Amino acid sequence: MNDIKVAILGGEGVGKSALIVRFLTRRFIGEYASSSECIYRKRMSVDGRQLNLELYDPCSQPCEGKTTLNEQIHWADGFVVVYDISDRSSFITATAIVQLIRELNLGAAKRDSEPVVFLVGNKQDLCHMREVGKEEGQRLATEGRCQFYELSAAECYQEVSLMFTKLVRNASLNGKAKERRRRPSGSKSMAKLINNVFGKRRKSV
Ligand SMILES: Nc1nc2c(ncn2[C@@H]2O[C@H](COP(=O)(O)OP(=O)(O)OP(=O)(O)O)[C@@H](O)[C@H]2O)c(=O)[nH]1
């Protein structure tokens, strides 16, 4: 299996794009506005194997041809479900997404293995405004059979990179990619990503 498809899911403004951009460019961009869902591609080497990684970044706003959460779940081999530790409602959303991934997996007879799910409590730098305890995140991860991370896209490239690399490794070990049912629309090259990133106004947080 050389193609790994990963969907980054979670409530609005939890830092999905910030995590992807941090992983791909090593930089944290304070404001990243995107009005469409998109797929970022990266070729990477994991344990000496060349892999083609596709990262799906959904759009929280209504947009043309928007895929449903069910379609996103069927498309991906692995998931990063993100919440913001300073926003309880985002944790409720993450809980629902983890449950839906597991429910859809139970109903999908064609799957040969369970998808890899990483639960990420982002914005750890905002722990003085924390609304979700670390142990709550850990509990949800245990119940949903996820690996759990608390990190900060704003402050730490290393942890973000390790998390994505581990996810890709686990997903690639997880057996053959499943039949693609529907692919979310929209695709961006690395060049386009860099344009987006550097073309946007930066704002400190
Ligand atoms: N303090 C802090 N702010 C962050 C962090 N990650 C992202 N943000 C901020 O959170 C806001 C939303 O980040 P995005 O990356 O656009 O979040 P998103 O989930 O992609 O947003 P939507 O696509 O609109 O749902 C921005 O203002 C970011 O600067 C973090 O680790 N710490």
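**A hairpin, its sheet and a ligand**

Trainee: Which residue in the turn of the β2-β3 hairpin has a positive phi?
Mentor: β2 and β3 form a hairpin with two residues between them; strands are DSSP runs of E with at least two residues, helices runs of H or I with at least four, numbered from the N terminus. This is a predicted model, in which local features need pLDDT of at least 70, side-chain atom pairs count only at pLDDT 80 or more, and totals for chains, interfaces and linings use all residues. Residues are numbered from 1 along each chain as its sequence is written, and side-chain values use heavy atoms, with hydrogens and water left out. In the turn, phi is positive, about 50°, at Asp 47.

Trainee: Which residue of β3 is the bridge partner of Lys 42, and which is that of Ile 4?
Mentor: β2 and β3 pair in the antiparallel sense over nine bridges, where pairing needs at least two DSSP bridges. On β1, five bridges join the strand to β3, and these two run parallel. Lys 42 has Leu 53 as its partner in β3, and for Ile 4 the β3 partner is also Leu 53.

Trainee: Why is one side of β2 and of β6 left without a neighbour in the sheet?
Mentor: The sheet is open, with mixed pairing and six strands in the order β2-β3-β1-β4-β5-β6. β2 (38-46) and β6 (147-150) stand at its edges, so one side of each is left free, as each has a single partner strand.

Trainee: What is the average angle between neighbouring strands of this sheet?
Mentor: Axes here are lines fitted to C-alpha atoms, for helices over the stretch in contact, and angles between N-to-C directions run from 0 to 180 degrees. For neighbouring strands, with direction ignored, the average turn is 20°.

Trainee: Which residue of β5 is the bridge partner of Phe 79?
Mentor: Strand β4 (residues 78-84) pairs with β5 (residues 116-122) in the parallel sense, over seven bridges. For Phe 79, the partner in β5 is Val 117.

Trainee: At about what angle to β6 does helix α4 run?
Mentor: Helix α4 (residues 134-143) packs on the sheet and touches β4, β5 and β6, contact meaning heavy atoms within 4.5 Å. Its direction and that of β6 make about 160°.

Trainee: How much of the ligand's area does the protein bury?
Mentor: 21 residues surround the ligand, the closest being Lys 16, Ala 18, Gly 30, Ser 60 and Asp 125; near means a heavy atom within 4 Å. Among the polar contacts (N or O pairs within 3.5 Å), a polar side-chain atom of Asn 122 lies 3.2 Å from a ligand nitrogen, and a backbone N or O atom of Ala 153 lies 3.0 Å from a ligand oxygen. Alone, the ligand exposes 650 Å² (Shrake-Rupley, 1.4 Å probe), and the protein buries 86%.

Technical notes. Polar contact = N/O pair within 3.5 Å; in protein donor to acceptor, adjacent residues only side chain to side chain.
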